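Please walk me through this structure. Begin with the empty space inside, then turn to the helices.

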Amino acid sequence: MPPQIPYIIANEGCERFSFYGMRNILTVFLMTSLLLAIPEPLRKGEAKEVFHTFVIGVYFFPLLGGWLSDRFFGKYNTIFWLSLVYCAGHACLAIFENNLRGFYFGLFLIALGSGGIKPLVSSFIGDQFDKSNRTLAQKVFDAFYWIINFGSFFASLLMPIFLDKFGASVAFGIPGALMFLATVIFWSGRRKYTHVPAGESHRDPHGFLKVVRTALLSQAPGQGRGGLIVAGLGVVLAIGALLLTPNLGFVIAFCSALVLVMGFGGVGAWMQLERARAVHPDEAVEGVRTVLRLLVLFALVTPFWSLFDQKASTWVLQADQMAKPEWFKSSMMQALNPALVMILIPFNNLVLYPLLSTMGLKVTALRRMGAGIAFAGVAWIVVGGLQLWIDGGHAVDITWQVLPYALLTLGEVLVSATGLEFAYSQAPLAMKGVITSFWNLSVTIGNLWVLLANSSVKGATVTAYIQSTGTSVTAFQMFFFAGFALLAALLFALYARGYRMQDNYRG
């Protein structure tokens with residue numbers, strides 16, 4: 001085991017405490033303090049929108065961090081300097097607890113810092129291994145995910161109490177102190193790490209984007225240019241999405257435009273990829289094909305994230321409607337998620353996976369991820385049933401939320417803990433940071449689905465249809481997201497059958 005691993009693991013534990021410490025009290029703080037000027041009937045929707053906009057930012061900025069790392073500065077330098085930006089964001093939350101603009105600026109800095117380092121820390125772990133000891137890598141990625149939830153557990157348990165007893169400046173200041181400690185720990189191991197220098201992919205005449213451009217622009221005798229037309233359609237639709245900014249808001253419009261360009265551009269490049277062989281070597285063309293296949297899998301994971309991240313918004317707001325002890329805060333229920341993760345990771349590795357193997361069922365990374373998406377869908381069927389119970393006027397005890405939390409957490413372990421190592425191992429050597437960024441971008445798109453769903457139910461036509469079903473808007477959305485995830489799980493399983501696994505660790 002590489003001796004530098006403890007520095008990265010300890011850094012991640014402190015950083016995750018800082019992130020989840022502020023994230024898990026954000027919705028409650030917005031509802032009870034910062035957004036009090038907004039009429040109460042509208043405050044819940046506004047708090048959810050701010051929360052999911054923040055999460056979109058956190059999982060969008062990995063693209064920037066991955067690009068800076070792979071092209072210019074390398075992983076260590078990018079992580080260190082963005083960690084300082086991260087610390088500044090926490091300071092803003094503690095200082096500007098009563099100032100809307102200052103507080104939102106702090107959220108922006110945290111999204112930039114946290115998002116920028118997010119793909120790099122996990123891929124930095126992968127850099128410490130090569131083909132000779134890669135069998136240890138999945139164990140370390142599991143330990144990495146375990147420590148994430150160790151920090152999240154204590155943050156989820158303690159921060160609501162600190163917010164209630166000591167106020168927002170203390171509750172947001174403590175996570176800031178933990179982030180500063182995380183930065184110091186990471187800096188302390190600087191002489192022990194394996195540093196993979198920033199690549200020269202931008203100078204490579206056969207780089208990913210250059211191959212894609214060649215494929216889209218090349219003409220073939222007797223063949224049309226359907227791929228270029230599809231890519232152009234994506235650009236037109238993206239411009240249309242940006243023109244809807246006044247109605248949708250900048251975040252929804254911009255993210256929708258990005259998804260349209262990437263989706264249609266990828267399909268168009270795939271349609272004409274063979275044409276690139278006239279200009280680029282087979283290895284470069286096959287590398288692009290591998291990345292495009294990988295991005296399809298990432299896209300099919302996005303519905304899972306749209307369900308998972310709502311446990312910190314929709315599920316917290318449901319918990320407010322449930323019977324519970326007076327001392328118990330609704331947001332404290334989220335501590336159950338990391339506690340279950342810390343139990344399930346060793347249980348799966350020591351008991352469940354070996355047991356399934358003895359039964360003749362090979363537990364591959366893709367099978368885990370597909371099952372995880374399905375478990376998330378089942379969790380939302382349960383939570384939707386609880387909402388129907390609440391809407392019927394029944395006093396529902398908060399302990400009933402334990403079941404959907406358990407199902408969702410099992411899905412999380414199968415998808416997220418597995419996906420970290422999967423994204424690293426499948427990425428070409430020159431694109432580790434960028435591909436891991438695309439894995440994190442799937443979370444952004446998942447939260448985009450949430451914002452789009454929330455925007456759609458504000459329309460009179462959709463609202464009238466939901467009322468005709470006899471269910472509340474909240475319950476209807478819960479069952480909608482459950483069906484969304486189950487459909488995605490089916491499509492993921494079908495597509496994964498034809499996916500060829502890669503082994504892109506260092507030699």
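Six helices each supply at least two residues of the lining of the largest cavity: helix 1 (5-34), helix 4 (100-127), helix 5 (137-166), helix 11 (282-308), helix 15 and helix 16 (432-456). Helix 1 gives the largest share, 6 residues. The model is predicted.

Rolling a probe the size of a water molecule over the atoms shows where empty space is left. Here, the structure holds 3 cavities of 30 Å³ or more. The largest encloses about 360 Å³ of space. Its lining counts 27 residues, and R16, Y20, Y59, K118 and I148 are the closest to its centre. What classes make up this lining? There are 13 nonpolar residues, 8 charged and 6 polar.

Now take helix 15, one of the contributors to that lining. It covers residues 402-426, 25 in number. From first C-alpha to last, helix 15 reaches 35 Å, close to the 36 Å expected at 1.5 Å a residue. Yet helix 15 has a kink of about 40°, centred on G419. Is helix 15 largely enclosed or largely open? Of its 25 residues, 22 are buried, so the rest of the structure largely encloses helix 15.

Helix 18 comes next. It runs over residues 473-496, and its 24 residues should span 34 Å at 1.5 Å a residue. The end C-alpha atoms of helix 18 are 34 Å apart, which agrees. Which residues of helix 18 are buried? They are A475, Q477, M478, F481, A482, A485, A488, A489, F492 and A496. An α-helix has 3.6 residues a turn, so residues three or four places apart point the same way. Look for that spacing along the buried residues of helix 18, such as M478, F481 and A485.

Definitions and conventions. Residues numbered from 1 in each chain as written. Predicted model: local features only at pLDDT ≥ 70, side-chain atom pairs only at ≥ 80, totals over all residues. Heavy atoms only, no water. Helix = DSSP H or I, 4+ residues; strand = E, 2+ residues; numbered from the N terminus. Expected span 1.5 Å × (residues − 1). Bend = angle between axes of the 7 residues up to and from the residue. Buried < 20%, exposed > 50% of the residue type's maximum accessible area, 1.4 Å probe, protein only. 1 Å grid on protein atoms, 1.4 Å probe; cavity = no way out; pocket = protein on both sides within 12 Å on 5 of 7 lines; lining within 4 Å. Points joined across faces, edges and corners; volume = space filled by probe spheres on them. Nonpolar A, V, L, I, M, F, W, Y, C, P; charged D, E, K, R; others polar.
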